[in-house]
Every structure is written in C-alpha cells, then in structure tokens.
Amino acid sequence: MNPNVRMFLRTAWPAFLGLAAALLLWFAVPVPYIVYQPGPVASTRPMVETPAAPEADETDGAYMLTTVRWMYANVFAYAWARLDPDAELLDKQTVTRGASRTDYVARQRLQMRASHANAIEAAYRELGIPYEPRSLGISVFTVMDGSAADGALRPGDVLLAIDGKALAAEDDVKAALSGKAAGDDAMVTFRRGSDERSERLTLRPIPNADPPRPGLGITYGMLQTVASVDPAYRVTVKPGSIGGPSAGLMFALEIYDRFTEGDGTKGYVIAGTGEISPDGTVGRIGGVGHKVTGASRKGAELFFVPADNADAARAKAAELGTNMRIVPVASLREALDYLASLPEKETRTGGL
C-alpha cells in the first residue's frame, strides 16, 4: 500500500468514526416529541360511495377534508421543526398517551371509523331518512401501558369472549371478570381484522381505580354504524389511510349533498374540519392551524371550522394573508344554512 495512503487512513479513521457517530445521533436517536405539519387536503367525493353515482361535475366546487401530517422526531427532525414555521413540536407522551406507534395508528383509524357512522347518522337525521343501527362489536379503544393487555390487545380489536363466555354487550365484559383477583388468568378471544385469536392474560390492578380492582387495562365500547332502511340511501365511506375523527363534518356535507338536488358547494372549493356527533353537533379538533395552512395552499375559498377553534383558525389565516373565508359552525345545520345563503359562484366562459 502506498505510504501516503496508509498515513491518511491512520490519521483519518477517527474523523470517520466521529462522522458516523454524529450521523447516528442526528438521524437515529429519537427525542420525546412528535412533529406536526400541514397534511394532505383531499376531496371527499371519491371517498363516499352511494348506490347512485354522483352526478357529473358541472362546476369546480368540492368538499375537501384537511389533515395533519405527523412523525416521531429524531434529533434532525427536532432541529428542523424548530426552524420551520409550519412545523409544531408536541410532547409525544401527551399525544399518544403512552401508546406505541402501531397502537396510536390503530386508535386513529378506529376514531375515523366512528366518525363515518356519526357523519352518516347526522346526514340521515337532517334528510329525514329512516335508518337502523348496526353493531360492529365491542371494540378496544385504548390499552394502558404496562397493563395485562399491553402487548396482546390493540385498539380496534373486537372482543368476542372471555373464558368462553360470549360478549354481546359492554356489561358482559365486566360480568365475565367479576370475582377474579389480581394474578388470576382470563382467556380473551378477539378478532383482529379477519383473524380470530385468543390470549391468556394475567389480571393486574388498574391504576387509580376506586375502589381498587383488577382488570385487563383497556377502555372499550360498542362500535356501531347505521344503515338506511331503504337500500337506495346506503352509504360507505372509504378514507384510505387517513385516521382520526376530525373529517366528520366534511363527510356529512358530502353525504347530504348526494341525496339532495343541485350542487351544495355552489361552485366553491370548500375545505373544513370538525368532529361530528350523531345529532350533528360539531366539536373541537386539534391541529387547526396546520389544516388552515393546507387548505389555503390547496386553493380553498371557504374553511368550515368548529366554533371552539375559530380564534386560532382566524389567527392563522391572518398570518398567512389568505383570502380564504373562515366560517365557524357549531353544527351540521349551521354549515348547511351558510351554504344555502351563498350565491352561485360566477364562472367565466371563454370565447371571442
């Protein structure tokens, strides 16, 4: 080997090791934060399926849901987020409540499924369409860190039986565990996706329970959807990988529009956000500033926002200098009334 090359390698290897260590620290070492930034803004039209296909577009109007893109931070992402005005650093423990990445994503998808049912029901109520509830089973909502179910159950799992006793109602879970003490086992049968599984779990004391009691360490509830009595009004919502509950209002507007005459958008590009209840109440959401930013970038002309988020949305719109109108609403009915009051958007046709 050339003596000069040998000398270079002898003197340079500590620098290479230092560089490798710096890169490892920069990109691989996690920090206890999540980075939020504006996410995709998408039309609800292709996500909502009805027996009759929607009429061909005659205007440029659309309902658009807004999202927040998030990522677990490493040192590089943390430093970048501190410099990016469109990024926000949030405490990971506060956001995920101790859930793993997999469980957090599963919880977001579960919330989206619940928002579908609420949006459909709210639209049916406004339209006066008769409907009936359909049970999707007892679903796991959250799993406590370090609990009996930690590592075995996930948000979205559907509980089927405990110790062979079928579970048909929420109270059946409590009844199946009654009489058991900490350290006792419970055989839990559940469905994950299309797979049926069973896990033997050892009960542990539930933190801060009053009175003290053993349990699985989960929160759960009966998840259900609704279906119209008349098949002509059936609705299916397919949001893809989008999670969380905050698209409920925009789905409800899209569904309502499918079963009424005319174009409810009046030719406007209408973005928005808001968790919706079955009675049409629109609730507060998180990340509103990022959603306003995304909607403005997408060219939205109106932005529906829960009344409780209105101040933050207006502040962000003013910061951006956007012409997009911020429209606070407390219910689906308020959003529909606002749209009804809009004039048809003027369109300019070409020609000589």
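**Figure 1. Strand β14 sits between two parallel partners.** In this close-up, A62 stands opposite V269 in β14. As with every view here, what you see comes from a predicted model. The pairing of β3 and β14 is parallel and runs over 4 bridges. β14 is also joined to strand β17 (residues 302–306), again in parallel, by 3 bridges. To find that second pairing, look for G272, which stands opposite F304 in β17. Now turn to the two faces of β14 (residues 269–272): V269 and A271 are buried on one side, and I270 and G272 are buried on the other. In a regular strand, side chains alternate between the two faces of the sheet. Here both faces of β14 are covered.

**Figure 2. Strand β6 and its antiparallel neighbours.** Strand β6 covers residues 158–162, and 4 of its 5 residues are buried, so the strand is mostly covered. β6 pairs with strand β5 (residues 131–143) through 2 bridges in the antiparallel sense, and I138 stands opposite L159 in β6. With strand β8 (residues 185–192), β6 shares 4 bridges, also antiparallel; here A161 stands opposite T189 in β8. A further antiparallel pairing, over 2 bridges, links β6 to strand β7 (residues 165–166), where I162 stands opposite K165. β6 and β7 form a hairpin with 2 residues between the strands, and in this hairpin D163 takes a positive phi near 55 degrees.

**Figure 3. The largest pocket and its lining.** This view takes you to the largest pocket, which holds about 770 Å³ of space. Of the 32 residues lining the pocket, W70, Y104, Q108, G243 and G244 are the closest to its centre. Which elements each supply at least two residues of the lining? They are β1 (30–43), β3 (62–74), β4 (88–91) and α4 (101–127). The largest share comes from α4, with 7 residues. By type, the lining divides into 14 nonpolar, 10 polar and 8 charged residues.

**Figure 4. Y124, a buried tyrosine in helix α4.** Y124 has its place in helix α4. With a relative accessible area of 1%, Y124 is buried. Leaving out residues up to four places away in sequence, Y124 touches I129, Y131, V226, A227, S228, Y233, R234 and V235. Y233 deserves a second look: Y124 and Y233 are 109 residues apart along the chain, and their C-alpha atoms are separated by 8.9 Å. A polar atom of the Y124 side chain lies 2.5 Å from the backbone oxygen of Y233.

**Figure 5. T293 in helix α7.** You will find T293 in helix α7, which spans residues 288–297. Is T293 buried or exposed? Its relative accessibility is 3%, so T293 counts as buried. A polar atom of the T293 side chain lies 3.0 Å from the backbone oxygen of G289. Beyond residues up to four places away in sequence, T293 touches P38, D86, K316 and L320.

**Figure 6. Helix α6, enclosed by the rest of the structure.** Helix α6 runs over residues 248–258, and 11 of its 11 residues are buried, so the helix is largely enclosed by the rest of the structure. The buried residues of α6 include G248, L249, M250 and F251. E254, D257 and R258 are also among them.

Terms used
Residues numbered from 1 in each chain as written. Predicted model: local features only at pLDDT ≥ 70, side-chain atom pairs only at ≥ 80, totals over all residues. Heavy atoms only, no water. Buried < 20%, exposed > 50% of the residue type's maximum accessible area, 1.4 Å probe, protein only. Polar contact = N/O pair within 3.5 Å; in protein donor to acceptor, adjacent residues only side chain to side chain. Contact = heavy atoms within 4.5 Å. 1 Å grid on protein atoms, 1.4 Å probe; cavity = no way out; pocket = protein on both sides within 12 Å on 5 of 7 lines; lining within 4 Å. Points joined across faces, edges and corners; volume = space filled by probe spheres on them. Nonpolar A, V, L, I, M, F, W, Y, C, P; charged D, E, K, R; others polar. Pairing = 2+ DSSP bridges.
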